[in-house]
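Please study the sequence and the structure shown below. The exercises that follow are each given with a worked solution.

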Amino acid sequence: KTFVPSGVCAKAIHFKIEDGIVEKVVFDRGCPGSLQGIAQLVEGMPVQKVIDSLQSIQCGSKNTSCPDQLSRALSAHI
């Protein structure tokens, strides 16, 4: 699935969910090292745990962040 985030540097978040588990996450653009790290950390985790862990994280003065946008993407597809 693909999610178009809002208010962040990443332009798209691609992800795969299988049996309630996050199987794959790829961010287009954004901070490469941080987003690759986040993707590797959440792969293999239950979707709800990822959502609970990442929701409401802010980036600087923004009301959202790439991790928060990932939580929104997953919430919209469970």
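**Exercise 1: A glutamine in a helix**

At 2% relative accessibility, Gln-69 counts as buried, where buried means under 20% relative accessible area, exposed over 50% and partly exposed in between (1.4 Å probe, protein chains only). The model is predicted, so that local features need pLDDT of at least 70 and side-chain atom pairs count only at pLDDT 80 or more, while totals for chains, interfaces and linings use all residues. Residues are numbered from 1 along each chain as its sequence is written, and side-chain values use heavy atoms, with hydrogens and water left out.

Task: state where Gln-69 is found and with which residues Gln-69 is in contact, leaving aside its neighbours within four places in sequence.

Step 1. Gln-69 belongs to helix α3; helices (H or I, at least four residues) and strands (E, at least two) are DSSP runs, numbered from the N terminus.

Step 2. Contact means heavy atoms within 4.5 Å. With neighbours within four places in sequence left aside, Gln-69 contacts Phe-3, Pro-5, Ser-6, Val-8, Ile-13 and Thr-64.

**Exercise 2: The sheet**

Task: determine the order of the strands in the open sheet and which strands are at its edges.

Step 1. The three strands follow the order β1-β2-β3, with antiparallel pairing. Two strands pair if DSSP finds at least two bridges between them.

Step 2. The edge strands, each pairing on one side only, are β1 (2-3) and β3.

Step 3. Two bridges link β1 and β2; here Phe-3 has Ile-13 of β2 as its bridge partner. Seven bridges link β2 and β3, and His-14 has Val-26 of β3 as its bridge partner.

Step 4. The hairpin of β2 and β3 has two residues between the strands, and Asp-19 takes a positive phi near 55° there.

**Exercise 3: The core and helix α2**

Task: identify which members of the largest nonpolar core touch the most other members, and on which side or sides of α2 its buried residues lie.

Step 1. A nonpolar core is a set of buried Ala, Val, Leu, Ile, Met, Phe, Trp, Tyr and Cys residues joined through side-chain atoms within 4.5 Å. Among its 20 residues, Val-25, Phe-27, Val-42, Leu-70 and Leu-74 touch the most other members. At least two residues each come from β2 (12-18), β3 (21-28), α1 (32-42), α2 (47-54) and α3 (66-76).

Step 2. In α2, the buried residues are Val-47, Val-50, Ile-51 and Leu-54. They lie on the same side of α2 because they cover an arc of only 100° around the axis, the arc being that of the directions from the helix axis to the C-beta atoms.

Step 3. The cover over these buried residues includes β2, β3, α1 and α3.
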